[in-house]
Every structure is written in C-alpha cells, then in structure tokens.
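Colleague: Hi! Could you walk me through this model before I set anything up?
Modeller: Happy to; here it is.

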Amino acid sequence: EACLLGGLCLKFRWRKWYAKKHNLSEAEVRKVYPNLVISTCFQAAWEKLFRYMDIEPKFVVPSKNTFTITAEGVKAQIDEKTI
C-alpha cells in the first residue's frame with residue numbers, strides 16, 4: 001500500500017540523516033527505532049507500518065469537538081527520532 005511505501009521512504013531517509021548526525025555506521029543505525037507522530041484516528045494501514053517496519057507510533061489524541069489535532073500536541077511528541 002502507499003502508506004507502507006511512503007513510511008519506508010521516510011524511514012530510509014531518516015536513517016541516513018540520523019547516521020550522519022551521530023557518526024553511526026549503517027549497521028549501528030539499524031538498531032535505532034524511529035517514530036512517527038500520528039493522530040489516534042489513523043487508517044489501519046499505518047498499523048502495519050508500525051508493526052512490520054520497526055517504527056514506533058507516537059499518538060496525538062484529537063479534540064472531541066472538532067476531531068482535529070493541534071500543532072502543540074504534535075510538537076510535544078517530536079524528538080530526534082521522529083521521521
């Protein structure tokens with residue numbers, strides 16, 4: 001599915017950036033798991049990405065009134081392992 005391919009592209013791009021930033025070899029950077037910030041109202045295909053591609057989900061709960069997430073909620077979940 002497109003979600004899986006897009007997620008893999010994000011992961012491989014992040015791996016190169018992270019390895020360069022921390023002077024890690026390709027083998028060393030494979031031991032580090034990236035994460036992806038996503039709403040708890042995500043499509044089920046993303047669950048496959050998290051389970052099978054070694055990416056940790058970081059969930060942001062949307063507003064009960066508008067079903068939207070805020071920039072502040074997303075920002076609170078971001079770290080250097082976020083893809």
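Colleague: Which helix is lysine 11 found in?
Modeller: Keep in mind that this is a predicted model. The helix in question covers residues 2-22. Lysine 11 is therefore placed by DSSP run, numbered from the N terminus, in helix 1.

Colleague: What is the nearest side chain of opposite charge to lysine 11, and how far away is it?
Modeller: Lysine 11 is buried, and its contacts beyond four places in sequence are Pro34, Met53, Asp54, Ile55 and Ile83. A salt bridge needs the charged atoms within 4 Å. Lysine 11 has no salt bridge, as the nearest side chain of opposite charge is aspartate 54, at 4.6 Å.

Colleague: Which strand and which helix each supply at least two residues of the largest nonpolar core?
Modeller: That core has 6 residues: Leu4, Leu36, Ile38, Leu49, Phe50 and Ile55. The elements supplying at least two residues each are strand 1 (35-39) and helix 3 (44-52). A second, separate core of 5 residues includes Tyr18, Ala19, Val29 and Val32. For the largest core, then, the names you want are strand 1 and helix 3.

Colleague: What does leucine 4 contact, leaving aside neighbours within four places in sequence?
Modeller: Leucine 4 belongs to the largest nonpolar core. With those neighbours set aside, its contacts are Ala45, Lys48 and Leu49.

Colleague: What is the bridge partner of isoleucine 38 in strand 2?
Modeller: Strand 1 and strand 2 (residues 56-60) run parallel, joined by 5 bridges. Together with helix 3 they make a right-handed β-α-β unit. In strand 2, isoleucine 38 has as its bridge partner phenylalanine 59.

How values were computed. Residues are numbered from 1 along each chain as its sequence is written. This is a predicted model: local features need pLDDT of at least 70, side-chain atom pairs count only at pLDDT 80 or more; totals for chains, interfaces and linings use all residues. Side-chain values use heavy atoms; hydrogens and water are left out. A nonpolar core is a set of buried Ala, Val, Leu, Ile, Met, Phe, Trp, Tyr and Cys residues joined through side-chain atoms within 4.5 Å. Buried means under 20% relative accessible area, exposed over 50%, partly exposed in between (1.4 Å probe, protein chains only). Helices (H or I, at least four residues) and strands (E, at least two) are DSSP runs, numbered from the N terminus. Contact means heavy atoms within 4.5 Å. Lys and Arg count as positive and Asp and Glu as negative; His and the chain ends are not counted. Two strands pair if DSSP finds at least two bridges between them. A crossover is right-handed if, with the strands pointing away from the viewer, the path from the first strand over the helix to the second runs clockwise.
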